[in-house]
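Please open the structure in your viewer and keep the sequence panel visible. The tour below proceeds by successive selections.

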Amino acid sequence: TEDESKASADRRRAVQLLRGLAKGNSANGGNSEAENLLYDLEHLQVGMKAPEVTGTDPNGKTIKLSQLRGKVVVLYFWGFW
């Protein structure tokens, strides 16, 4: 539809702008908010393959998210910051 086409064009433009910002900032050697937003747009959208997550199960065995493909998975993140 027309709305989907506009949204797709807007997304492409956002990615293009963020790449320019991230490139300019990486020349200064630092991480930027633009790089974080760019990663989100390119990797963390509904319908995209989830990034690999590795952890340990209750028995201390290493487990990867990709090993659970096709199953319902709940990821519980916590930490002390």
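The tour passes from the whole chain to its core and then to a patch on its surface. Please bear in mind throughout that the model is predicted.

**The whole chain.** Begin with the protein chain in cartoon representation, where 2 helices and 2 strands are to be found. Read from the N terminus, the order of these elements is α-α-β-β. The radius of gyration is 17 Å, whereas the globule rule gives 12 Å for 81 residues; the chain is therefore more spread out than a compact globule. Along the principal axes, the C-alpha trace extends over about 45 × 40 × 20 Å. Of the contacts between residues at least 6 apart in sequence, 13% link residues at least 24 apart.

**The core.** Colour the chain by burial next: 10% of the 81 residues are buried. Then select Val-15, Leu-18, Ala-22, Ala-34, Leu-38 and Leu-41, the 6 residues of the largest nonpolar core. Two or more residues of this core come from each of α1 (2–26) and α2 (33–43). Now centre the view on Leu-41. Beyond neighbours within four places in sequence, Leu-41 is in contact with Arg-11, Ala-14, Val-15, Leu-18 and Met-48.

**The surface.** Switch to a surface representation; the protein chain exposes about 7,200 Å², of which carbon and sulfur atoms supply 55%. Select Val-73, Leu-75 and Phe-77, which make a nonpolar surface patch of about 290 Å². Finish at Phe-77, located in the segment after β2 (62–64). Is this residue, Phe-77, buried or exposed? Phe-77 counts as exposed because its relative accessibility is 62%, and the cut-off for that class is over 50%.

Conventions. Residues numbered from 1 in each chain as written. Predicted model: local features only at pLDDT ≥ 70, side-chain atom pairs only at ≥ 80, totals over all residues. Heavy atoms only, no water. Patch = residues over 30% accessible without salt bridge, like charges linked within 9 Å, V, L, I, M, F, W, Y side chains within 5 Å. Areas by Shrake-Rupley, 256 points an atom, 1.4 Å probe, with all protein chains shown as cover. Salt bridge = Lys/Arg side-chain N within 4 Å of Asp/Glu carboxyl O. Helix = DSSP H or I, 4+ residues; strand = E, 2+ residues; numbered from the N terminus. Buried < 20%, exposed > 50% of the residue type's maximum accessible area, 1.4 Å probe, protein only. Core = buried A, V, L, I, M, F, W, Y, C linked by side-chain atoms within 4.5 Å. Contact = heavy atoms within 4.5 Å. Rg over C-alpha atoms; globule rule 2.2 N^0.38 Å.
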